[in-house]
Amino acid sequence: MRSPFRRRQARRPPFSPIPLLLAVTSLAAAPAAAITFKPVPPANLDLSHLGRVAIAGDFSGVSLFQFEGQSERPFSTNGSESLLARMPNGVFAPIVSTDATIQTMCSFTRRDGTQAGVVIGGNFTSLEGMQSTAIALFNPNTTTITPLPGLSGQVNALLCDQETNTVYVGGSFVGANSTNAIAWVGTDGWTNLPFAGFNGPVTSITKSTNGNVIFGGSFTGLGNASAPSTPDGQIINLSTATITSGSSSTTQGFSDPKNIVCKTSGTDGAGNAWLLRDGSAGFWQASFDYGFQPTKLRLYNTHQGGRGTKTWRFTALPINGIMNFTYIDPATGRNASCTSECPLSSDSAVKFQDFHFVNVIGMNGFRVDISAFYGSGGGLDGIELFGDDIFSYAINDFNEPTCAGLQFPSTATRTGPWVVSPSRQSTSEYLTAQLSAPITDKSASIVFTPDIRETGHYSVNLYTPGCIQDNTCGSRGQVLLTGQMTADPTKSQPIDRELFQTNNFDKYDQIYFGTIDASSGSFRPRITMTPVPGQSLTNMTFVAQRIGFTLINSTGGLNGLYEYTPGTVVVNATDFTKSAFNRLGASFSAGSAVNALATSGDVTYVAGNFTSQSVRNIVAMNGNDATTKSLSGGLNGEVDSLFSNGTNLFVGGSFTATQENSVQGLNNVAIYNTERNAWLPLGAGVNGKVLRVVGLTMNITGSTPEVVVSVNGEFSELMAFGGNPAVSTNGFGIWVPSQGNWLHNLELPVESINGILSTSIIGRPGDLSLYAGSLSSSTLGARGVATLGNTLGRLPVNFQAPSNSSTPGSLTKRADALSEGNLQGVVTGVFDTNGGRNITILGGHFAARAVDGSTINNLLLLDGSKNNEISGLGSQIDANSTFTALAVSGNTLFAGGNVTGTVAGDKAAGLIMYDLASRSLGTQPPILSGADSTVSSIAPRPNSADVYVGGSFKSAGSLDCPGVCRFNSDNSQWNQVGQDFNGAVNTMLWVNANTLVVGGRLNINGTVSTFLAKYDAGSQSWDTYPGSSQLPGPVKVLTAGTSDSSELWVSGTRPNGAVYLMRSNAGNWIEAAQGLEAGTDIRGLQVFSLTESHDSTPTVGADEALLLTGSIVLRDFGSASAALFDGTDYRPYVLTSNTGNAPGSIARIFTERSDFFTSSGGKMPLVFVVLIGLGISLALMLLIVLAGLFLDRLRKKREGYVPAPTSMYDRGNGIQRIPPHELLESLSKGRAGAPHV
């Protein structure tokens, strides 16, 4: 068990900063290793032969996997945040993780110009798993983290001031001898400010143009924690401690050391006194399951038989420290002190003696050693221990003892399955409840009731044990704290706080700051803690330890604002009114709070929850002449956050208009233009409270980044304005000042960002910018579809939320679930270039906005030849339809899925036809019915008017046609596909003009069950696909493995639900290498050629890769929406994100052309083999003929042949007449040699 943190500031030992300063100083000399992101090897897909390429799926953002550290992880919703930086592709990457929120950051440059690093403050207890409470230093050059120990609590505000070489720190914390405000001096470490902090939390710090530091918060004076007016009032419970002793008497009734617990009468006798053996020293020891800090020890000496304790010492455990005391000597009445031999009077008239601890030390046990005695031996009649700390423990054994007879002792009452957990590294044991979904506020509860003995101003803190020690970080959740602190509800704000319990190490959170009434017969302050209802946890670990109540002392005279002049040694409360800022705060009504400060030029803007005669919630103060400006009287609601950028001050909070009502429609977020002195709206604002406005940079329309503003809060909609519709959101939006619009409304190729952005440090162009929060982001914001080439691109389509929106990211369902309407996004697509057309056709379950403002549902045509005109099917097809398969045959688009509607008075179901030439639906095929009445695949037969349709249906019109049916475009009729076939078809592929391969859960020829079958269109017969009995489950998707489709890739699910991936090879099936984890859902397969080769494997050629789409869970990586397989390893290729903080998915990649096999990796079709062989044969024959002619000519030359004469002169002179019989005679004779002329 860890000793409790010592909280009496006046008695704290000095904190030595020397070791820490050596570590911090070393940062400046550390070798440079700035934040870098390691690129991953390129994918090398050869897309050059495919024409246009597009990605279809259910996503709102998409990225290529280009750098290590990219992932599809959604942003954290358990209260933890990270320090973030931008990758070169625009994606936010966590570089330091925490277990809670980062509230503030500043870059600290020392007076000598050296960079100390970035100071990070928040309510975290660890950074990258390293214990670091509330504040730490991050070095961007080395990415090292240096904790700055010494504070306990939460840091809300930081000001890094190079001029004074100081970091000013504000929040709700204790540290050194200060409360809520302290300074870190560049060479000295933690340094108390001369005013020792404030009596309330600090929320913001800024530097005025006059060089002074302005603190803002919820305080009414300087000061820190104080002792109660009646000190030592809390009784430490000895009755539940483990009591032991040494050298106890053997006399019956006097040997038990527990005799003296809860005995305050001072009466001797058996059962009332504890005695040592005669003539022997000894000890009395108590051990506890919790830590405490005693301030007073009360001892009752025994007088049994003339005995008694004469001298003793007190040892604190487990530190084994002998404690110092002050006391009043009963003989002289004077103050005295003692250490190792403290005296105890033998005067029977002295009932007890009180000994006050000089140093208040945390302990979880103690031992009283008796070294000298009166009479025959020592002993005691009673012992009590007291403290100042007011706690209400969840475990009642740690609360004040019932035997003390207190009127209003501290207690706790609980409901639910609570069990006691050991303290481990915490200060005490605590309660744990394991809850199962659904989590409600009735699942478990605990009510803390403290012993408040005087009315006053208190800080109330909830102490939560860390989750690492009990290995429950994955199941911790949120808790709700409620309570009323005063008898008159109008005199205090009720407690209503939600907090996360996901802290790695012990922490405390301030849950209330204000007046608490003393306990009475008619009122007792109580705090109830329950789980936050509706949490998405399957199992929740709910912990409860203690709540502390600290009385706050104050100088008074302040009201949320304080101006401090650096270098001031002594602060006098009488000087408060000399400051214009202090006077401004004093003009606010009681109970006011300053939430945010910002300085721009000569003006400091003060914002929060306050009113005065002339301003409300926001006001400006000129630091040079101390004049104020009312800013149109302020705003009509609380302001929570400010961000200043140039002449624009961005303001967020809970307001709708200026106080003078001169500007309306501000709706929780607004701009104050400091140049025009005018309020401006951000669109029409948002529909809920804004908690944070934070700056960041983005490339919006050019290569130079510009500053945009993120807005975080408790809202669900960016409100409609101008021609822009309302945008649903989960409390996050980005305003683009240069465009005067929300990023969500701009059809620009920019990043997709979602989550929580708490604070930022925006660097100058070329400098590093750092952010803090919990974000998911993608390189490109694009909903449902994106183009793929050298970079990712958008299609000019404005997708909206679907008309019957269901769970995002649910593209994992197949045909048997289409009727449930679970598919979302773009499921399939086609590029239609027939007849000179240039139409991109998209199908799925979505809604898109046309140029005229109308809505297009579920099937969309984007006509590139008509300036990207967008059109749909109109109202004849039901809006809740889902299209899962598309195919174009001639001028007809065949679109199938879970489709219903009425066209020209006739019912349409399963499949519709659309005339692309006339742009009309026209006459529809007879409906598909039976089973789910859905279509999963459409496969036009090559060089034919037949279109094959597969899915989950029993008939087409009146034709019995289960699973697969053929529609002939020429006669517009359905036809059966062979005989004795039925089943649920998932996928189909023509491997040649006559053979159709079908995958699913199938039954052929009446008796044969299979997962993969083939159909011969010539003989109209079915057969199992070779080796299909080796497949472990229904085939969900298939693709050609070679250019002639003689080998296939298939994927499906095993009986246990696990995915499989296999390739055929001469009738055998080869299982792909392991690497796909549970949760994988493969929606598409496609072999791609590569521009660079890899090692060849039996399943994937050296110049090929297999692309998997869907939701692919990879070992040692996690989820990817597309992954590449090279025969050995899987690697992420495309990552997506989605609205609602859900992961995205990719249904498929579709291309303009299907020339996927551009290398020699696949087998060549037989016709080409024959032609090439014939060509080679002819070439060889020609070579043989030419060679023969050449050799014959050479022979003749060697034998004396000369060229025949060519002139008529030569011919006439050289010819001798030969009789015909001699000429013919020579034919019958052999040739004896060369002729002689």
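What share of the chain's contacts with a separation of 6 or more is accounted for by residues 24 or more positions apart? I looked this up first in the predicted model, and the share is 60%.

**Whole chain.** I then turned to the secondary structure, which comes to 5 helices and 89 strands. The chain has 1237 residues, and I noted that 55% of them count as buried. For the surface, I recorded an exposed area of about 51,100 Å², with 50% of it supplied by carbon and sulfur atoms.

**Nonpolar cores.** I looked up the largest nonpolar core, which holds 72 residues. The members that touch the most other members are Trp312, Phe314, Phe325, Phe366 and Leu481. Strand β20 (residues 282-292) gives the most to this core, contributing 5 residues. I also found a second, separate core of 43 residues, with Leu64, Ala782, Ala1105 and Ile1146 among them.

**Leu481.** I followed Leu481 further, setting aside its neighbours within four places in sequence. Its contacts include Leu462, Ile495, Leu499, Ile511, Ile527, Met529 and Ile547. Asp496, Arg497 and Thr528 are also in contact with Leu481.

**Glu660.** I next located Glu660 in the loop between β48 (648-653) and β49 (669-673). Is Glu660 buried or exposed? I entered Glu660 as exposed because its relative accessibility is 52%, and the cut-off for exposed is over 50%. Leaving aside its neighbours within four places in sequence, I found Glu660 in contact with Ser632 and Gly633. I also checked Leu631, which lies 29 residues from Glu660 along the chain; the C-alpha atoms of the two are separated by 9.6 Å.

Technical notes. Residues numbered from 1 in each chain as written. Predicted model: local features only at pLDDT ≥ 70, side-chain atom pairs only at ≥ 80, totals over all residues. Heavy atoms only, no water. Helix = DSSP H or I, 4+ residues; strand = E, 2+ residues; numbered from the N terminus. Buried < 20%, exposed > 50% of the residue type's maximum accessible area, 1.4 Å probe, protein only. Contact = heavy atoms within 4.5 Å. Core = buried A, V, L, I, M, F, W, Y, C linked by side-chain atoms within 4.5 Å. Areas by Shrake-Rupley, 256 points an atom, 1.4 Å probe, with all protein chains shown as cover.
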